[in-house]
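Subject: Structure for you to look at

Hi,

Here is the structure I promised to pass on. Please open it first, then read my notes below.

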Amino acid sequence: MNTRPDQPLRLGTRRSKLAMSQSGHVADAVRAVTGRAVELVEITTYGDVSREHLSQIGGTGVFVTALRDALLRGEVDFAVHSLKDLPTAQPDDLVIAAMPRREDARDALVARDGLTFEQLPDGARIGTGSPRRTAQLNHLALSLGKRIETVPIRGNVDTRIGFVHDGELDAVVLAAAGLNRIGRGDEATDLLPVDSVLPAPGQGALAVECLASDTDLVAALGELDDPHTRAAVTAERSLLATLEAGCSAPVGAFADLLADGEIVNEMRLRGVVGTLDGTTLVQLSTTGPVPQSYDEAMALGRELADEMLAKGAAGLMGERSL
């Protein structure tokens, strides 16, 4: 490793409560496998300071670039990212050494008065900064015979839930994994099933990244890797890349493992693209053997994305405005 064994490993993290919490969990795991001290180095990213909506500032990479720059400058030894924030193209000089076991990938509703999505009144105001959520929530509402108004919001978990407590919004939608990681999972009034709302590619998963040249650290961090999580997320991100969409596009994808008894033998990959008003969705799935390599996982995602493009997905992704 680049630092001496008697020096702490420096973990680069965003400053938000959620980022600090998930980086803290990774730090504990790294201490356990390396026997080394780990210190968190807080880094402010453009996505943290900009108040613009993600679709306006590019979405992809706005929470990542500053962390990667710190890695390349040698200011930190490794970094922890939310995988759904990572651009699909991986820099040659950096490597994702570990994708730890995935948390709950679903979206969570936090609504007033303990309401579920089905119980929300017609015309309910729901906060989300995600075009993917906007498209699918509108579609779900239409399927239930009602209308909702999606309101673009930014901010940390406290800020977003605060809109509900203050009566400004009827509900907000957040990643269940984020709520769980900061110990607030019980505030969700409904967990939206993936059959109704597909999560963002990589949602609920973390990426532990370091310099590709630091082979000792790559090997040590690799102890934290969960092969099933890596296979699933790689397929999801391959679909996103093939659609040539960033994380500000209305694309959902989820790969789950299908078990026959105790033996996991198949992976099902689902993808969705929709218009923001929810009137048109292209949603397809494919099932095949669990990918045994990076190339096999990439191929699974590419094949489903090609099918989606053939069904008209590209035309639906042109709608980038909120």
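**Helix H8 and its surroundings**

Just after H8, Glu244 takes a positive phi of about 55 degrees. Keep in mind that this is a predicted model.

H8 itself runs over 227–242. How far apart are the end C-alpha atoms of H8? They are 22 Å apart. That agrees with expectation, because 16 residues at 1.5 Å a residue should span 22 Å.

Many residues of H8 are buried, among them Thr229, Ala231, Val233, Glu236, Arg237 and Leu240. What do the buried residues of H8 pack against? Their partners are S11, strand S12 (263–274) and helix H9 (294–310).

**The second largest pocket**

H8 and S11 meet again here. The second largest pocket has a volume of about 320 Å³. Its lining counts 15 residues. Nearest its centre lie Arg102, Thr229, Phe254, Ala255 and Leu257. Helix H8 and strand S11 (251–260) are the elements that give two or more residues to this lining. S11 gives the most, with four residues. By class, the lining has seven charged, six nonpolar and two polar residues.

**The whole chain**

The chain holds 10 helices and 13 strands. Of its 322 residues, 53% are buried. The radius of gyration is 19 Å; a compact globule with 322 residues would have one near 20 Å, so the two agree. Along the principal axes, the C-alpha atoms fill a box of roughly 60 × 45 × 40 Å. Take contacts between residues at least 6 apart in sequence: 72% of them join residues at least 24 apart.

Best wishes

Key. Residues numbered from 1 in each chain as written. Predicted model: local features only at pLDDT ≥ 70, side-chain atom pairs only at ≥ 80, totals over all residues. Heavy atoms only, no water. 1 Å grid on protein atoms, 1.4 Å probe; cavity = no way out; pocket = protein on both sides within 12 Å on 5 of 7 lines; lining within 4 Å. Points joined across faces, edges and corners; volume = space filled by probe spheres on them. Nonpolar A, V, L, I, M, F, W, Y, C, P; charged D, E, K, R; others polar. Expected span 1.5 Å × (residues − 1). Buried < 20%, exposed > 50% of the residue type's maximum accessible area, 1.4 Å probe, protein only. Contact = heavy atoms within 4.5 Å. Rg over C-alpha atoms; globule rule 2.2 N^0.38 Å.
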